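Visitor: I would like to learn how to read a structure like this one, feature by feature. Could you take me through it slowly, giving the general idea before each case?

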Amino acid sequence: MDGGLLSLVRIGAPRGWRRLRGARHSGLARRGASAGGLEASRLLQRAGSVTIGLGVRAGSLLRGRTDLREDRAMLRALPLGLTLPGLTLTGLTLAGLTLAGQTAPAAAQPVTTLRPEALLDTRAAPVSPDGDVPVGAWTLRGREVRTLVNRSGSAGRGACAPFAGVGTDPEGDSAAGAAFGPDGSWFVLAHRDSHNLLVYDADTRALIREIPLSGSPSDLAVSADGHWAVTPNLYEDTASIVDLDSGAEVAVVPVGDGPIEARITPDGTRALVVCMVSGEAVVIDLASGTELRRVGGLDIAVSLSANFETFAVSFACANPMELAGSSLAVFPDLYNDRIGFVDLDAGTVDFISTSDSPRAVAVRSDGAAAVVTHAFGSSNSLDVVDIATRTITKSINVGTALYGPVSLDPAGTKAAVAVQNAVRMVDLGTGAVGSNLNTASVNGLITTGDGLYAMSVGFRGSLISYATGTIVKDLNNFVSCSIGAVSPADPRGVMVATTFGEDMVVVNTNGSSGFLEEARSSGPPPEGDKPRTIAVSPDAGTVVTTNQFSRNASVFDASSMAMLGYVDTGLRPGQVKITPDGTRAVVTNRDDTFVRVIDLGSLTSADVTISTRGDQLEISPDGKYAYIAVVTSDGVWRVNLQTLAVEGSKLATGDMGGVGYTGSQFSGMTLSHDGATLVTCNSFTDTLTLIDTSSWSVVATVAVGDFPTAATFSPDDSRIYATNRTDETVSIVSNAGAGSVQIGVVGVGAYPYTSVTNADGSKLYVMNTSDKDIGVVDTASMSALGAIAVSETPIAILGDDAGGRVLVGIGAASASTNGDVTQSGELAVIETASDTVVETVCADHFLSDLAADAGFRLAAAAGLGGESAVFFDIARCPQDLNRDGSVNTQDVILFLNLWVAQDDAADWDHNGVVDTRDFISFLNAWVAGC
């Protein structure tokens with residue numbers, strides 16, 4: 001770490017503690033308060049409709065449910081958590097294919113038409129019984145997107161809690177483009193959120209250099225001679241010109257609003273930068289770094305995809321134009337059913353009419369002809385265009401809906417076109433159309449450098465022969481990729497994931513001999529990407545985050561916030577917990593078949609094989625066992641942490657799965673305080689499963705309310721409180737082994753999730769996630785007492801029994817049509833005696849998880865919106881009643897007023913009576929100080 005002073009924002013600071021300079025260490029996180037993919041972002045607005053596709057497994061959402069009640073619950077989550085006036089559902093098609101633990105999303109389809117108040121809202125991931133990755137895809141009209149400034153929810157609230165980045169520079173965050181050099185010896189990746197270009201050796205994948213950029217690239221173009229690179233910078237409305245020989249950004253050119261695409265002319269003299277909001281193409285002279293002219297009147301479409309689990313957001317031009325020589329570009333005008341020809345010399349554009357929805361263009365190598373696909377329209381056609389005469393010479397019906405991507409062989413005789421989860425080969429001479437090639441979904445098609453094959457950019461990375469019209473090899477099968485490039489000189493390609501990970505996949509494209517060369521993070525290792533869950537050791541000495549995209553854990557020394565190192569996890573790491581003795585951390589993996597046990601002293605690890613889709617995790621009070629719930633072939637495993645082996649069989653439960661909420665949560669599992677009873681929330685069968693941990697057997701299945709998602713035990717373990725998301729209730733269940741039954745139901749707020757009790761169990765505090773409040777339930781009368789408002793969506797809740805507090809992590813990240821793309825994060829402190837929020841501390845970043853040590857001295861949050869771990873000093877001094885940071889006469893006066901009023905807060909010895917003994921007890925504590 002850099003030198004300098006570092007402090008924690010302290011809650012209820014004791015006498016003698018003073019705030020040091022600065023709210024955070026200057027060297028902790030270079031990105032500051034970035035929005036993890038939405039910093040200084042754009043509002044995505046349409047006056048018309050938005051097409052939405054969800055990348056969750058087909059047919060899984062209503063498994064075992066046929067009643068309309070559950071349909072409504074699912075659809076409520078589907079439009080991203082919105083209550084929308086005039087919402088019109090024109091159809092519902094959930095497309096996606098689960099392969100090897102990864103969900104390969106189909107291209108966006110026109111499944112839902114609505115006027116959105118928000119396009120991305122992290123609070124409302126779709127449900128999925130098998131816990132697939134929830135991904136949304138939208139196609140938006142660029143000219144109706146408005147520019148805005150990102151606003152953090154922490155503005156005006158004073159110093160925020162300090163944070164430490166989970167990654168190591170240079171990072172490769174949110175890849176936006178890829179290109180090879182002319183001899184194939186290197187390739188370069190552009191990254192939007194880390195504001196850089198990373199140049200790699202193509203053979204070894206060693207980092208050659210990082211080139212910092214002044215903006216947030218949304219695309220990348222490299223000149224044919226490898227000298228120039230150009231990036232359109234989405235949030236800054238600029239274009240960066242980079243000299244790749246010297247490795248420096250040499251010019252920054254103001255362009256139009258929302259630059260989304262870049263192309264460099266074949267002669268290497270000019271760049272074309274397309275701007276989605278202002279609807280124009282800007283022609284730039286590369287040598288001088290100056291604008292030459294603009295072409296307006298263009299209707300640009302933009303594709304937005306988002307992962308609800310990790311808040312990964314990617315932007316791309318949905319109808320990109322392609323160059324046909326150094327003076328002309330061909331533009332598919334998706335919304336106006338025409339093809340444009342953009343003259344770079346004259347600064348003009350001419351149009352010809354076509355059938356509906358032209359989406360993608362591929363240009364023949366000599367620039368004389370092009371093909372244009374018509375996606376999502378009724379024509380299902382491919383047009384052949386003569387560029388010199390600007391006429392359509394042939395239109396071929398492909399026989400099924402096209403998805404956009406298209407590629408041409410160099411001679412212009414064969415075209416590969418993407419359809420749903422497949423590719424078809426089209427003979428442009430005869431008009432013959434081949435059958436579906438099983439490629440899974442395809443986000444791009446690129447002709448290899450030798451001209452023999454089309455490389456599909458997607459999950460499988462299929463290599464398709466133009467000559468035979470067959471798949472000769474699947475090259476990927478690692479992660480679904482959105483961006484790709486091929487070497488002009490060697491049989492090699494690179495593909496990059498943006499929504500399902502931040503992975504770089506390098507492949508050999510030598511026909512049937514091709515293979516996957518390497519799959520790794522798009523930034524140089526070690527990377528720390530998308531911290532989603534967090535744990536604090538019982539002694540407050542160690543903090544661990546699990547980083548979902550980089551598939552590792554970052555381990556921190558809590559006192560200094562210094563990173564101690566990384567430990568690899570499995571695919572899509574889920575929950576993390578630290579053993580009671582603080583020596584080991586246990587990590588589940590949603591897309592792997594093992595649990596990883598990490599030695600926190602040596603940072604080494606061992607694996608215990610279970611089954612896939614493990615997430616919820618509990619550790620027995622004695623530290624001997626870890627219990628892991630899996631949502632595929634639903635059940636619970638018991639792992640002996642001493643022998644590092646499964647002990648006993650997997651116990652079957654009801655149907656658990658992905659249940660939505662912020663960060664895409666799985667059905668809850670909770671262990672009683674004494675470790676004797678384990679309960680799972682079977683969300684899709686409306687039951688709880690109770691497990692006796694000593695006999696390792698299921699002792700009861702209890703029917704509860706509609707869609708139970710999380711459970712809490714009373715302090716004496718005699719009751720279980722289960723929150724039911726769909727009917728917005730809490731079921732109260734007796735914990736009596738085989739005799740366990742529901743004994744009461746209490747209505748609470750909208751979308752209730754996790755809960756905690758106060759110290760004596762007389763009150764239950766429930767996160768009402770859609771109401772932005774904490775519901776309070778009187779457990780004796782089984783009735784609602786009211787709600788405590790918080791400023792944003794509650795995402796995690798902790799009960800500090802000894803301190804008489806409830807700690808709530810709150811926040812949200814969303815893009816909406818009223819002018820905001822925002823993220824917020826905060827820790828709210830509720831005093832249980834008065835049921836009021838007594839303190840809030842801003843976090844700068846959108847939070848996804850919250851944990852604390854056993855003594856509630858330190859709370860830590862996963863700062864998903866800033867690739868960080870956020871640290872809150874929550875050690876409190878009870879005598880500092882006015883929380884001014886010192887114990888003085890003012891505190892005595894305040895206590896005296898409470899004591900005279902017989903206020904519960906004056907019951908200092910907690911015996912239920914306010915009397916002289918409380919006054920004496922307080923005075924003794926006040927004299928002792930903190």
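**Reading the model, starting from A190**

Guide: Let us begin with burial: a residue counts as buried when its relative accessible area is under 20%, and A190, at 0% relative accessibility, therefore counts as buried. Please keep in mind throughout that this is a predicted model.

Visitor: Where in the chain is A190 placed, and which residues does A190 touch?

Guide: A190 lies in strand β11, which covers residues 186-191. Leaving aside residues up to four places away in sequence, A190 touches S174, A175, A176 and G177, then N196 and L197, and also P217, D219 and L220. As for A179, the two residues are 11 residues apart in sequence, and their C-alpha atoms are 9.0 Å apart in space.

Visitor: How should I read the strands around A190, and what is the order of the sheet?

Guide: The general idea is that strands of a sheet pair through backbone hydrogen bonds, either parallel or antiparallel. Here the order is β10-β11-β12-β13, an open sheet of 4 strands with antiparallel pairing. Its edge strands are β10 (175-180) and β13 (207-212), each of which pairs on one side only. On average, neighbouring strands of this sheet are turned by 15 degrees against each other, direction ignored.

Visitor: Over how many bridges do β11 and β12 pair?

Guide: β11 pairs with β12 (residues 196-201) over 6 bridges in the antiparallel sense, and as one case of such a bridge, L189 has L198 in β12 as its partner.

Visitor: Stepping back to the protein chain, how many helices and strands does it have, and what percentage of its residues is buried?

Guide: The protein chain has 3 helices and 76 strands, and buried residues make up 63% of its 930 residues. Among contacts in the chain with a separation of 6 or more, 51% come from residues 24 or more positions apart. The chain exposes about 29500 Å², of which carbon and sulfur atoms supply 50%.

Visitor: Let us turn to the backbone: which residues are joined by a cis peptide bond, and where are the prolines placed?

Guide: One such bond joins D169 and P170, with omega at about 0 degrees, and P170 is found in the loop between β9 (163-165) and β10. Another cis peptide bond, again with omega at about 0 degrees, joins P525 and P526, where P526 sits in the loop between β42 (515-521) and β43 (531-536).

Visitor: What is the phi of Y661, and is Y661 buried or exposed?

Guide: Phi of Y661 is near 70 degrees, a positive value in a residue other than glycine. Y661 is placed in the loop between β56 (658-660) and β57 (665-666), and because its relative accessible area is 2%, Y661 is buried. Y751 likewise has a positive phi, of about 50 degrees, although it is not a glycine. The loop that holds Y751 runs between β65 (742-747) and β66 (752-757), and its 5% relative accessibility is why Y751 counts as buried.

Visitor: How many salt bridges does the structure hold, and how do I read a case?

Guide: In general, side chains of opposite charge can pair when their charged atoms come close. This structure holds 29 salt bridges, including one between D193 and R192, whose closest N and O atoms are 3.2 Å apart; both of these residues are buried. The side chains of R805 and D800 also meet in a salt bridge, at 2.8 Å from N to O, and both R805 and D800 are buried.

Visitor: Which salt bridge links distant parts of the chain?

Guide: Consider R613 and D591, which form a salt bridge with their closest N and O atoms 2.7 Å apart. This pair links distant parts of the chain, with R613 in the loop between β50 (604-609) and β51 (614-619) and D591 in the loop between β48 (584-589) and β49 (594-599), 22 residues apart. R613 is buried because its relative accessible area is 4%, and D591, with a relative accessible area of 6%, is therefore buried as well. Salt bridges that share partners join D132, E309, R572, R590, D591, R613 and D615 into one network.

Notes: Residues are numbered from 1 along each chain as its sequence is written. This is a predicted model: local features need pLDDT of at least 70, side-chain atom pairs count only at pLDDT 80 or more; totals for chains, interfaces and linings use all residues. Side-chain values use heavy atoms; hydrogens and water are left out. Helices (H or I, at least four residues) and strands (E, at least two) are DSSP runs, numbered from the N terminus. Buried means under 20% relative accessible area, exposed over 50%, partly exposed in between (1.4 Å probe, protein chains only). Contact means heavy atoms within 4.5 Å. Accessible areas come from the Shrake-Rupley method with a 1.4 Å probe; for residues, only the protein chains shown count as cover. Two strands pair if DSSP finds at least two bridges between them. Axes are lines fitted to C-alpha atoms, for helices over the stretch in contact, and angles run from 0 to 180 degrees between N-to-C directions. A salt bridge is a side-chain nitrogen of Lys or Arg within 4 Å of a carboxyl oxygen of Asp or Glu.
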